[in-house]
Amino acid sequence: MTSCHLAEAPIKKVAIFGGTHGNELTGVFLVKHWLENGAEIQRTGLEVKPFITNPSAVKKCTRYIDCDLNRIFDLENLGKKMSEDLPYEVRRAQEIYHLFGPKGGEDSYDIIFDLHNTTSNMGCTLILEDSRNNFLIQMFHYIKTSLAPLPCYVYLIEHPSLKYATTRSIAKYPVGIEVGPQPQGVLRADILDQMRKMIKHALDFIHHFNEGKEFPPCAIEVYKIIEKVDYPRDANGEIAAVIHPNLQDQDWKPLHPGDPMFLTLDGKTMPLGGDRTVYPVFVNEAAYYEKKEAFAKTTKLTLNAKDRQ
């Protein structure tokens, strides 16, 4: 088999973020543990820094204090003059940017793993921001293979008009890790174990990469975002229907035209329109009610890792 060698400089600096959302406790719990005893995340020749990103929100066990830290790493917010009048998370974003960025800078971090939980039935999910990133395609393939037979899905958030401005985006290789279902403010042992394994396999891949291992050409299945879907609403903007029982907990499963999406209180079913099968993700996510998102539609495609010479 022809090998695909990733001709890149060695990875030197890796950060593991927990508590970007203060009520998603698996990442908080793991990062606090690794700050006390980080032996399991250390690899030869690699600097690995665990970090609590939103300590005030963690202390209050809430998603955020003033605004969503995971949506404000854009030039506008990062460029604002520092003052006490700025929202807490904007000030924190600037601090994080100076500690771990700037993207592509001489002292910036190569990889940031950002640890999240979801109340949706997403299982183990890796979030990819760039479909052309061969290094991460290879890494995700390695993680998926290492976790098997436990499923691990890849969510591609590359979109021309949906801009996320994530906390991890300041790294050369940003990696979102999302594991659920888990309620906000709760720890589950099974979810903890799955996230811990995902980080282990990711760090093992980096170690192999730094030692010069060649990886065979690979392909991964990904789910690329198409659009976000709001709940049906009445004239006052109030939610008028809930996720249909047939759709609840069916993240990653095909949703065909005519399949039920929502159910009103008087028993009316509201089906998927159009002529295209989609794959819903983040179905009925608790944190997205304020964002007016019932779920996101995705399409399934395959990404291939190509030679980098």
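**Warm-up.** Which residue just after H6 takes a positive phi?

*Solution.* Look just past the end of helix H6: Gly212 is the one, with a phi of about 90°. One thing to keep in mind throughout is that this is a predicted model.

**Exercise 1. Check the length of helix H6 against its residue count.**

*Solution.*
- Step one: H6 runs over residues 189-210, which makes 22 residues.
- Step two: at 1.5 Å a residue, a helix with that count should span 32 Å.
- Step three: compare this with the model, where the end C-alpha atoms of H6 are 32 Å apart, so the two agree.

**Exercise 2. Find out what sits close in space to Asn210, far back in the sequence.**

*Solution.*
- Start with Ala9, which belongs to the segment before S1.
- Ala9 and Asn210 are 201 residues apart in sequence, yet their C-alpha atoms are 8.3 Å apart.
- Now ask how open Ala9 is: its relative accessible area is 53%, and the cut-off for exposed is over 50%, so Ala9 counts as exposed.

**Exercise 3. Compare helices H4 and H5, length and burial included.**

*Solution.*
- Take H4 to begin with: residues 88-100, 13 residues, reaching 18 Å from first C-alpha to last, close to the 18 Å expected.
- H5 covers residues 134-147; its 14 residues reach 20 Å, close to the 20 Å expected.
- For burial, H5 is mostly covered, with 10 of its 14 residues buried. Among them is the run Asn134, Phe135, Leu136, Ile137, Gln138, Met139 and Phe140.
- In H4, the buried residues include Tyr88, Glu89, Val90, Arg91 and Arg92, and also Ile96 and Phe100.
- What lies over the buried residues of H4? The cover includes strands S1 (13-18) and S2 (47-52), helices H2 (55-60) and H3 (75-78), and S3.

**Exercise 4. Locate the annotated binding site and relate it to the largest cavity.**

*Solution.*
- UniProt, in an unreviewed entry, puts a "binding site" at Asn70, Arg71, Tyr164, Ala165, Thr166, Thr167 and Arg168.
- These positions spread over 99 residues of sequence but cluster in space, the largest C-alpha distance being 10.4 Å.
- Of these residues, Asn70, Arg71, Tyr164, Thr166 and Arg168 are part of the lining of the largest cavity.
- Zoom in on Thr166, in the loop between strand S5 (152-156) and strand S6 (173-180). Buried or exposed? With a relative accessible area of 1%, against a cut-off of under 20%, Thr166 is buried.
- Leaving out residues up to four places away in sequence, Thr166 touches Asn70, Phe73 and Glu129.

**Exercise 5. Take stock of the cavities and the largest pocket.**

*Solution.*
- Count the cavities: the structure holds 3 of 30 Å³ or more.
- The largest cavity has a volume of about 240 Å³. It has 23 lining residues, with Arg71, Tyr164, Glu178, Phe282 and Tyr288 nearest its centre. Strands S3 (111-117) and S12 (295-304) are the elements that give two or more residues to this lining.
- Sort that lining by class and you get 10 nonpolar, 5 polar and 8 charged residues.
- The second largest cavity comes to about 40 Å³. Its lining has 1 nonpolar, 6 polar and 2 charged residues, and Asn23, Glu24 and Asn117 are among those residues.
- The largest pocket holds about 410 Å³ of space. Of its 18 lining residues, Lys103, Glu129, Asp130, Ser169 and Pro174 lie nearest the centre, and the lining divides into 7 nonpolar, 4 polar and 7 charged.

**Exercise 6. Hunt for unusual backbone geometry.**

*Solution.*
- Recall the general rule: most residues other than glycine have a negative phi, and most peptide bonds are trans.
- Cis bonds: one runs from Gly101 to Pro102, with omega near -5°, and Pro102 is in the loop between H4 and S3. Another joins Gly180 to Pro181, with omega near 10°; Pro181 lies in the loop between S6 and H6.
- Positive phi: Cys61 is near 50°, in the loop between H2 and H3. Lys292 is at about 60°, in the loop between strand S11 (279-281) and S12.
- Accessibility: Cys61, at 37%, counts as partly exposed, and Lys292, at 47%, does too.

Conventions
Residues numbered from 1 in each chain as written. Predicted model: local features only at pLDDT ≥ 70, side-chain atom pairs only at ≥ 80, totals over all residues. Heavy atoms only, no water. 1 Å grid on protein atoms, 1.4 Å probe; cavity = no way out; pocket = protein on both sides within 12 Å on 5 of 7 lines; lining within 4 Å. Points joined across faces, edges and corners; volume = space filled by probe spheres on them. Nonpolar A, V, L, I, M, F, W, Y, C, P; charged D, E, K, R; others polar. Helix = DSSP H or I, 4+ residues; strand = E, 2+ residues; numbered from the N terminus. Expected span 1.5 Å × (residues − 1). Buried < 20%, exposed > 50% of the residue type's maximum accessible area, 1.4 Å probe, protein only. UniProt positions renumbered as here; feature names shortened; annotations may be inferred. Contact = heavy atoms within 4.5 Å.
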